[in-house]
Amino acid sequence: MTIGARIEPDLAPRIEVRPAGPADIPAIRRLFAGLSADSARRRFQTGQPTPGLLAAAAGFGPGTRCLVALDPEAPGRVVGEARYVLLEPDLAELAITVADRYQGRGLGRVLLAGLVDQARAAGIGYLRSVVLMSNTAMLRLLAHYGCAQVTTADEISVVTVDIAARGGMPGWPGAARGRRVLVEQRGWFADEQTIRLAADGADVRRCQGPNQRAGRTCPLLTTGQCALAEQAQEIICLLPDGDAESAAVAAAHRRLWPERLAR
Ligand SMILES: CC(C)(COP(=O)(O)OP(=O)(O)OC[C@H]1O[C@@H](n2cnc3c(N)ncnc32)[C@H](O)[C@@H]1OP(=O)(O)O)[C@@H](O)C(=O)NCCC(=O)NCCS
């Protein structure tokens, strides 16, 4: 999307999204302070964020890019905010906040698209997000992009997800921290073998395969390319056989990288 453009009428009428800077800090803090306890818990992973946490979250440290969405009835009021903070040269962490009364109207999707545009223009390849497992709206937003799960555990309340700002699937940003293993498996919870692999030092990425609900098929099937599979040293494909698209992904792995397939 073009920053500064107005959101389409069926999303959130007359809302303007624009890049933000330090002058917007007071309005961003008001947005945070006005969140319901549930939204604050999803955004800050605590229902009662301290003033220090809120001040840090609204600040503009080095490597911060931020967008704000303005209230059409009071343009000085911020009703949505999206930002990333650079972690490494090619990797930034993102967070999005939409005022409760505007949630579920498409604003999060527009803000994320704008942030991805900004990251791509800045030459950043990966955007990372740390999300509560119960935060369906955020997980659904991320699912529209090539999306890889970084954390691997059998019982988790928070999931870390990378999306690719340049399109396609994200691979491994920076230097891998062990043997690069791609596990293709539905759902957020890993099986025992994957947990053992990660515990033994493998740098595991999990991909949930084609996601028809999010309107996203596997790039291996559309473009023949997948950064995750290309960069993996080992591929474990546990996608369901009964699903035609998943079966096609498994067949593509067998054809392209037979030596990397573990089972
Ligand atoms: C998460 C958040 C940013 C999403 O923004 P939003 O404007 O509410 O979301 P959108 O209307 O753009 O919808 C995004 C997706 O979530 C779904 N969704 C929206 N609200 C939902 C809800 N309450 N329950 C389940 N799904 C929901 C939409 O259907 C859409 O899914 P789809 O794209 O597959 O159709 C917003 O809800 C929010 O600020 N929540 C509190 C803070 C937070 O959780 N921040 C993220 C932490 S990093």
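**Exercise 1. Which helices and strands each supply at least two residues of the shell around the ligand?**

Solution. This is a predicted model.
- Step 1: take the helices. Helix H2 (37–44), H4 and helix H5 (136–142) each supply at least two residues of the shell.
- Step 2: add the strands. Strand S4 (91–98) and strand S5 (126–132) each do so too.
- Step 3: find the top contributor. H5 gives the most, with five residues.
- Step 4: name the nearest residues. Of the 23 residues around the ligand, Arg-42, Gln-103, Gly-108, Arg-109 and Ala-137 come nearest.
- Step 5: sort the shell by class. It holds nine nonpolar, nine polar and five charged residues.

**Exercise 2. Locate the largest nonpolar core relative to the domains.**

Solution.
- Step 1: pick out the best-connected members. The core has 66 residues, and Ala-69, Leu-111, Leu-115, Leu-127 and Leu-228 touch the most other members.
- Step 2: find the main source. Helix H4 (residues 107–121) gives the largest share, seven residues.
- Step 3: place the core. Domain 1 (1–124) and domain 2 (165–263) both give residues to this core, so it lies between them.
- Step 4: inspect one member. Leaving out residues up to four places away in sequence, Leu-111 touches Val-17, Leu-67, Ala-69, Gly-80, Ala-82 and Ile-96.

**Exercise 3. Describe the contact between domain 1 and domain 2.**

Solution.
- Step 1: take the separation. The C-alpha centres of the two domains lie 31 Å apart.
- Step 2: count the contacting residues. Seven residues of domain 1 meet four residues of domain 2.
- Step 3: trace the domain 1 side. H4 supplies its largest share, three residues.
- Step 4: classify that side. It has four nonpolar, no polar and three charged residues.

Notes. Residues numbered from 1 in each chain as written. Predicted model: local features only at pLDDT ≥ 70, side-chain atom pairs only at ≥ 80, totals over all residues. Core = buried A, V, L, I, M, F, W, Y, C linked by C-beta atoms within 7 Å. Buried ≥ 20, exposed ≤ 12 C-beta atoms within 10 Å, placed from the backbone. Helix = DSSP H or I, 4+ residues; strand = E, 2+ residues; numbered from the N terminus. Domains from an automatic or database assignment. Contact = placed C-beta atoms within 7 Å. Near = placed C-beta within 6 Å. Nonpolar A, V, L, I, M, F, W, Y, C, P; charged D, E, K, R; others polar.
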